[in-house]
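Reader: I have a model open and want to learn how to read it. Can we go feature by feature?

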Amino acid sequence: MLCSPGSTLESVWPDFSVSTKVSLRNQLNSLFHHIRLLRFKSQRERALIGGFVSGISKDIQKIERIASNTMRSEKEFNEFLCSKPGRTTTTLIKSMCSSMSHNHRIVATHGDLHPRNIMVDWEKDENGRMLEDTVRISSILDWEAAGWYPEHWEFVKAMHAVDSRGPLRDWIDYLPTEAIGDYMIEYAVDYLIDRWHR
């Protein structure tokens, strides 16, 4: 962060107008369209769901869960999401897991699209005041959870950043869904599974 100019989007988001938020959404759409254009380097890499370097899947929410082995299909990934060592899998979780889709495309994913991980910068007037119409995304931080994941994963993880009562309560309205898609059913299932994990 020391090398990234500007402020975190989280720290300035509540002060922005609707037009500035729309502009930032458009910028994120453009950036994530480019991320989605990334392709696998090899057939071996194509076979893995997980981190770009490690090939190991991570699920980072309130607690971090890391798969113990590599996964070669979305079905295996779903089984990872629906399991918790030392915890009995309920009938509801078994049912949800068996009904989860396993035919999403596997795409390049940041995995933690949250305003705290987005740096913005802007021009200032002669008095040092921010010129809102010049707000630009200067960088996207925290690529720890990035890798090759099912195409719904970016949306699902971004939705977990929403606090309906906090200063980011309208973040959902400005997610770059043109680039990352809108997967409310997958999010709802993941939300229920996350509650079971706690």
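Author: Yes. Keep in mind that this is a predicted model. Start with R36, which lies in helix α2, residues 18–36.

Reader: Is R36 buried or exposed, and which side chain of opposite charge is nearest?

Author: Look for burial, then for a partner. A salt bridge here needs a side-chain nitrogen of Lys or Arg within 4 Å of a carboxyl oxygen of Asp or Glu. R36 is buried but has no salt bridge. The nearest side chain of opposite charge is E154, and it is 4.7 Å away.

Reader: Which residues does R36 touch, leaving out those up to four places away in sequence?

Author: R36 touches R105, V107, A108, E151, E154, A179 and I180.

Reader: Where does α2 sit relative to strands?

Author: α2 lies across β6 and β7. The helix runs at about 45 degrees to β7.

Reader: Those strands belong to a sheet. What is the strand order?

Author: Read a sheet by order, then by direction. This one is open, with 3 strands in the order β1-β6-β7 and antiparallel pairing. β1 (7–8) and β7 (136–140) stand at the edges. Each has a single partner strand, so one side of each is left without a neighbour in the sheet.

Reader: How many bridges join β1 and β6?

Author: The pair has 2 bridges, in the antiparallel sense, with β6 spanning residues 118–121. To find the register, pick out T8: its bridge partner in β6 is M119.

Reader: What is the order of the open sheet that holds β8?

Author: The order is β2-β8-β5, again 3 strands with antiparallel pairing. The edge strands are β2 (50–51) and β5 (106–109), and each pairs on one side only. β5 and β8 (residues 147–150) pair over 4 bridges in the antiparallel sense. Here, A108 has W148 as its bridge partner in β8. A108 is also one of the residues that R36 touches.

Reader: Now cysteines. How many disulfides are there?

Author: Go by the distance between sulfurs. The cut-off for a disulfide is 2.5 Å. A search of the whole structure finds 0.

Reader: Why is C82 not bonded to C97?

Author: The sulfur of C82 is 3.0 Å from that of C97, its closest cysteine sulfur, and that is too far for a bond. The view from C97 agrees: C97 is in no disulfide, and its nearest cysteine sulfur is that of C82, at 3.0 Å. C82 is buried, with a relative accessible area of 5%. C97 is buried too, at 17%.

Reader: On to charges. How many salt bridges does the structure hold?

Author: It holds 7. Check the N to O distance, then the burial of each partner. D59 and R65 meet through their side chains at 3.3 Å, N to O. D59 is buried, with a relative accessible area of 7%. R65 is buried as well, at 12%.

Reader: How far apart are the closest N and O atoms of D59 and K157?

Author: They are 2.6 Å apart, and the two residues form a salt bridge. D59 lies in strand β3 and K157 in helix α6 (residues 153–159), so the pair ties together parts that are 98 residues apart in sequence. Both D59 and K157 are buried. Put the pieces together: D59, R65 and K157 are linked in a network of salt bridges.

Reader: What does Q61 touch, again leaving out residues up to four places away in sequence?

Author: Q61 touches K157, H160, D190 and D194. Its place is in the loop between β3 (58–60) and β4 (64–66). Q61 and K157 are 96 residues apart in sequence, yet 8.0 Å apart in space, C-alpha to C-alpha.

Reader: Which residue meets R116 in a salt bridge?

Author: D112 does, at 3.3 Å, N to O. Compare the partners. R116 is partly exposed, with a relative accessible area of 37%, whereas D112 is buried at 15%.

Reader: One last feature, the backbone. What is the phi of D142?

Author: Check the sign, then the residue type. D142 has a positive phi of about 60 degrees although it is not a glycine. D142 sits in the loop between β7 and β8. At 33% relative accessibility, D142 counts as partly exposed.

Note on methods. Residues numbered from 1 in each chain as written. Predicted model: local features only at pLDDT ≥ 70, side-chain atom pairs only at ≥ 80, totals over all residues. Heavy atoms only, no water. Buried < 20%, exposed > 50% of the residue type's maximum accessible area, 1.4 Å probe, protein only. Lys, Arg positive; Asp, Glu negative; His and termini not counted. Contact = heavy atoms within 4.5 Å. Pairing = 2+ DSSP bridges. Axes fitted to C-alpha atoms, helices over the stretch in contact; angles between N-to-C directions.
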